[in-house]
Amino acid sequence: MMGDRDYRSLIKNSIESLGRELEVNIDSTDNNTIHLEEVVGCLRRSYYNRKDPIEEEQSGFSELISGLLRKLGYGSERVSYSIDEVTLKGSADMMADDAIILFRPATDELKNPRAGDLLYLNSCMWMYDKEDGIIVYITGDRRESSFSLTRNKKMFEETVRRVRVLGDLLKEEKVPIVEPSSDCEGCQYYQRCFTKRRESKQLTLGALLGMEKSS
């Protein structure tokens with residue numbers, strides 16, 4: 001017997017506390033410093049995280065892999081990369097044999113890497129001046145999918161463009177456009193981007209058939 005204590009809530013709160021300890025520290029008032037984590041995903045979400053945040057619930061222990069590696073000293077030192085007046089900051093989870101390695105959680109084995117992870121890995125290769133990189137996806141039952149990448153200049157130019165866009169919009173206090181993706185459904189800002197409409201009245205099958213007969 002475990003008694004009346006709510007162990008599920010205890011575990012959930014512990015994971016959330018650990019997540020806050022390991023997350024990247026972003027100064028919301030410093031518009032001249034952009035973090036790589038902010039530009040490889042939804043710019044609108046990154047904007048709201050700075051300007052009008054809603055706390056995001058930590059979804060699971062596997063999400064903390066990158067932060068744990070950095071905390072334990074396996075990750076590389078966070079580096080800075082100058083883009084005009086803006087400083088881009090980022091870090092790799094691990095460096096081995098002169099290659100950048102990222103670890104990411106997954107619910108199942110993947111056939112292709114996620115686009116945002118590719119942007120992040122490629123950007124790290126330019127920021128650390130490395131030619132090769134690997135993304136390792138790990139599921140909750142310890143299955144693993146790995147993908148290798150050679151750095152690509154065109155892809156890094158897209159990251160640079162997104163850094164400039166986010167930096168300008170933060171300074172101008174203009175909300176970025178909606179970037180619909182599979183991540184939207186679980187986003188804490190979903191209601192700000194997509195409003196739910198309610199019909200003024202409910203239509204029944206009988207009413208629809210009646211409309212057809214009267215026409």
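Let me begin with a single residue, Glu38, which, once its neighbours within four places in sequence are set aside, is in contact with Ile26, Thr33, Leu43, Ser46, Arg50 and Leu166. Glu38 is found in helix H2, and at 4% relative accessibility it counts as buried, because buried here means a value under 20%. I should say straight away that what we are looking at is a predicted model, and that everything I describe is computed from that model.

Let me step back to the whole protein for a moment. Its secondary structure comes to eight helices and seven strands, and of its 215 residues, 35% count as buried. If we take the contacts with a separation of 6 or more, residues 24 or more positions apart account for 67% of them.

Now to the helices around our starting residue. In helix H3, which covers residues 43-51, the buried residues are Leu43, Arg44, Ser46, Tyr47, Tyr48 and Arg50, and three of these names, Leu43, Ser46 and Arg50, you have already heard as contacts of Glu38. What covers the buried residues of H3 includes E1, H2, H6 and helix H7, the last of these being residues 190-193.

Helix H6 deserves a closer look. It runs over residues 153-172, which is 20 residues, and it reaches 29 Å from its first C-alpha to its last, close to the 28 Å expected at 1.5 Å a residue. Which residues of H6 are buried? They are Phe156, Thr159, Val160, Arg162, Val163, Leu166, Gly167, Leu169 and Leu170. The elements that cover them include strand E1 (33-35), helices H2 and H3, strands E2 (79-83) and E3 (86-90), and helix H5.

Those three strands, E1, E2 and E3, bring us to a sheet. They form an open sheet in the order E1-E3-E2, with mixed pairing. E1 and E2 stand at the edges, and each has a single partner strand, so one side of each is left without a neighbour in the sheet. On average, and ignoring direction, neighbouring strands of this sheet are turned by 30° against each other. Helix H5 packs on this sheet, touching E2 and E3, and its direction makes about 110° with that of E3.

Within this sheet, E2 and E3 pair in the antiparallel sense over five bridges, and Tyr81 stands opposite Leu88 in E3. The two strands form a hairpin with two residues between them, and in the turn Asp84 has a positive phi of about 55°.

There is another sheet to describe, an open one in which four strands follow the order E4-E5-E6-E7, again with mixed pairing. Here strand E4 (94-96) and strand E7 (144-150) stand at the edges with a single partner strand each, so one side of each lacks a neighbour in the sheet. The twist from one strand to the next averages 25°. Inside this sheet, strand E5, residues 99-105, and strand E6, residues 132-138, pair in the parallel sense over seven bridges, and Leu102 stands opposite Ile135 in E6.

Let us turn to the nonpolar core. The largest one has 33 residues, and those with the most contacts inside it are Ile34, Leu36, Val39, Ile100, Leu121 and Val163. Its largest share, six residues, comes from helix H5, residues 115-127. Ile34 is a good example to follow on the screen: not counting residues up to four places away in sequence, it touches Val39, Arg50, Val86, Thr87, Leu88, Lys89, Val163, Leu166, Gly167 and Leu170. Among these, Val163, Leu166, Gly167 and Leu170 are buried residues of H6.

I will finish with the cysteines. How many disulfides does the structure hold? The number is zero. Cys187 is in no disulfide, and the nearest cysteine sulfur, that of Cys193, is 6.4 Å away, whereas a pair would count as a disulfide within 2.5 Å. Cys187 is buried, with a relative accessible area of 16%, and Cys124 is buried as well, with a relative accessible area of 0%.

How values were computed
Residues numbered from 1 in each chain as written. Predicted model: local features only at pLDDT ≥ 70, side-chain atom pairs only at ≥ 80, totals over all residues. Heavy atoms only, no water. Core = buried A, V, L, I, M, F, W, Y, C linked by side-chain atoms within 4.5 Å. Buried < 20%, exposed > 50% of the residue type's maximum accessible area, 1.4 Å probe, protein only. Contact = heavy atoms within 4.5 Å. Pairing = 2+ DSSP bridges. Axes fitted to C-alpha atoms, helices over the stretch in contact; angles between N-to-C directions. Expected span 1.5 Å × (residues − 1).
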